[in-house]
Amino acid sequence: MKFTLSWLKTHLDTTASVDEIAETLTDLGLEVEEVTNPADKLKAFTIGKVLHAEQHPDADRLRVCKVATDQGELQIICGAPNAREGITVVVAKPGVYVPGIDTTIGVGKIRGIESYGMMASEKELELSEEHDGIIELPSGEVGERFTDWLAQNDPSKVDPVIEIAITPNRPDALGIQGVARDLAARGIGKLKQRAIEPVVGEYPCPITIGIDDDTLDGCPHFTGRLIRGVRNGPSPQWLQDQLRAIGLRPISALVDITNFFTYDRNRPLHVFDADKVAGGTLRVHRAKGGETLVALDDKTYTFEPGMMVISDANAPESIAGIMGGDASGVTEETTNVFLESAFWNNVQIALTGRALKINSDARYRFERGVDPEFTLPGLELATRMILDLCGGEASSVVQAGAAPDHRRAYRLDAARVQSLVGMDIPESEQRQTLTHLGFRLEGNMAQVPSWRPDVQGEADLVEEVARVASLTKLEGRPLARLTPGVPRPVMTPAQRREQAARRTCAALGYNECVTYSFIDQASAALFGGGTPATMLENPISSEMSHMRPDLLPGLLQAAARNQARGFMDLALFEIGPAFHGGEPGEQQTQVAGLLVGRTGAKDVQKSARAVDLFDVKADAEAILAAMGAPAKVQVLRDGASWWHPGRHGRICLGPKKMLGVFGEVHPRVLAALDVKGPAVAFTLWPEEVPMARKGTATRAALELRDLQAVERDFAFVVDAGVEALTLVNAAAGADKALIEDVRVFDEFTGGSLGEGKKSLAVTVRLQPSDKTLTEAEIESVSAKIVEKVGKATGGVLRG
């Protein structure tokens, strides 16, 4: 939305500078995107007078001029045909930048004679395309700034242009009067109020109008009148200057008038050549589909069923509320016009505009909302300007339908406003602000003006008061404590546990990922998901059709994308929900990590190696420890199908209490997701970690045992298919209070053991807590270990 300072001042009586107005507009929520001030590039130019001019001795087209300036008399060589003695000119002295030729003037010699400046033309100053001669001013004092002279004699040449960004909720600011109203409410001047005098019709309108019943919801109000005997020549210079300044091309007086009111009052209008309206009637109706129209942009549009059009007795003449038709458009030969002003439904205008791919000023305003009560007053204002500029006689006004009733009121609670805004705004100031913005106050009820469709509740009244009062004046104040003393922790235990897991993962060298909760069905199926229960009804794409059953698919897909770009060694983690159903509560928070490639870059010591399951086991144990998991856990087999069957482990507190899983990802899964191995991972469930029985803000006291530990070695002969883990878990369960650790230190096959047998040697560490163990107690525990291992594995002590 662009407007000039002079145009704004036709609605706002103010002495504020351009900078002050721009700063205020941004503070009011009408963000200023650009201020273009033509005077800025002309500030260095001054007025001079040619005292003497003579022919250059070595050039037929050059003249040597003596010019009086504010720095005294200067000699300037000029090639303009009108350079002569006695004229008042615009001078650029050495060091001045000339925008039209992109040059900084310096002292130079032209054909052997020195020149100390330049006398400028209009094109060189970018004032117009005129370049046949230098500027001749009818008045002006020597040394006077050229911008000051323009401000007094030709202000349009130095009229600043302000461009603001309009948010969708402020259609009233699409009219310059609306912008002026906001500034006046802030106190930057006073809004000029002008009475709208209806134009009395001199004869009945010969053109009838109507709205079909099924179109009243799209066009509730349609008005117009005939103006005969107009002269549609060029518009006056002031109007052309205003339109050019904001980027519009002047076309003719009638078209320029409609464009003027589009920007001045946010009231789009349209003029039909009345002599081209067949049958003397205009009807607003819905298209049946297939009708065509050549619009004013010379493009042919085909209407879809239900689109609103304006037709005469023969065919469509206008795309309702968007663009007129070329056949009934006005030309220089037009003498009789039908001026139309209507109110259109914003949603239906938007749908039609998007379907036909038309962008016009009318569509832009109607789809955001115009003042429904200004339909008829806008017609009257445009009629008066047409009569003043084009002459003619106006008929009486014809109307179809009526302006929709948009009356509504909301309660103004002054105390609530101060509470929400956090500023001390007196009630009288609040009421004055709303009054200046056009609200009508009846007691504590504020009647919303018809041009503010965005105000839909009491909260909007608060916003209006706050933005006019300026939130830049808001002072920060600490919130009062709800309870005295030390406040309770804000984070829940579960949140603190996730925070500990996140920090530990980062400390271990993992990079956090945030992946979508939606994945494709094939990937979900690899991890036990992809069922109809987790399928989305309206997925974003086919690659996001199901809720993820695990975090690993997202991490593996991220790894594949990175590998495709040359990053082969990765350490990724994510904390988030995984879903095993579509109902509330059918989800569980996971902590997942993934290692791919090697442990580090290649070096001469060859310390880098491929990652293995023991890397992720150590990381998983460290993260569980940070979340408060018990140190003593069991590692069991029989994980899910996406883990390597012989290279993974489940971290458990018992057969049914699983805290996490670690191990190699199944090669089948890696191949399906295009990940180049090796790839090892872990998945942890923070919610499964038991909460501490007693909550405390401090760490537990360090327990140091002052009694000597005892270690005993056992060698068991077991079947070759028995897993070492089964034997270790059996030995550890012999006495959970006394046995601190069980470690495998040797495996032997062959020899005297025979076929199908092997020997596993373990070290069992016994740590007493209250007294030193006797030999009998040690033997008792040893017997339990042998018994447990025998029951679990069928193994016997090796002789």
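Which residues in α13 meet A622, I623 and A626 in α16? Keep that in mind while you load the model, which is a predicted one, and start the tour at this helix pair.

**Stop 1: two crossing helices**

Select residues 493-507 for helix α13 and residues 613-626 for helix α16. Their axes come within 8 Å and cross at roughly 145 degrees. Look along the crossing and you'll find that α13 passes α16 in a right-handed sense. Now show side chains: on the α13 side, A500, A501, T504 and C505 make the contact, and they meet A622, I623 and A626 of α16. Colour that contact by class and you get six nonpolar residues, one polar and no charged ones.

**Stop 2: a hairpin**

Next, jump back to residues 63-69, strand β5, which runs antiparallel to β6 with seven bridges joining the two. Strand β6 covers residues 72-78. Between β5 and β6 sit two residues, and the two strands form a hairpin. For a landmark, pick K66 and look across to its bridge partner in β6, Q75. Then turn on a surface: is β6 largely enclosed or open? Five of its seven residues are buried, so the rest of the structure largely encloses this strand.

**Stop 3: aromatic pairs**

Time for rings. Searching the whole structure turns up eight aromatic pairs. One to select is F146 with W149: the ring centres are 6.2 Å apart and the planes sit at 15 degrees, so this pair is stacked, the cut-off being under 30 degrees. Both residues belong to helix α3 (residues 146-153), where they are three residues apart, about one turn of the helix. F146 and W149 are both buried.

For contrast in geometry, select F222 and W344. This pair is edge-to-face, at 6.3 Å centre to centre with 75 degrees between the planes. Where along the chain do F222 and W344 lie? F222 is in strand β16 (residues 221-228), while W344 is in the loop between β24 (336-343) and α7 (346-356). They are 122 residues apart, and the pair links distant parts of the chain. Check the accessibility too: F222 has a relative accessible area of 0%, and W344 has 2%. Buried means under 20%, so F222 counts as buried, and so does W344.

**Last stop: a ring cluster**

Finish by selecting W7, W238, F260 and F261 together. Ring pairs link these four residues into a cluster.

Definitions and conventions. Residues numbered from 1 in each chain as written. Predicted model: local features only at pLDDT ≥ 70, side-chain atom pairs only at ≥ 80, totals over all residues. Heavy atoms only, no water. Buried < 20%, exposed > 50% of the residue type's maximum accessible area, 1.4 Å probe, protein only. Helix = DSSP H or I, 4+ residues; strand = E, 2+ residues; numbered from the N terminus. Pairing = 2+ DSSP bridges. Axes fitted to C-alpha atoms, helices over the stretch in contact; angles between N-to-C directions. Left-handed = near helix turned anticlockwise from the far one by under 90°. Contact = heavy atoms within 4.5 Å. Nonpolar A, V, L, I, M, F, W, Y, C, P; charged D, E, K, R; others polar. Phe/Tyr/Trp six-rings, centres within 6.5 Å; stacked < 30°, edge-to-face > 60°.
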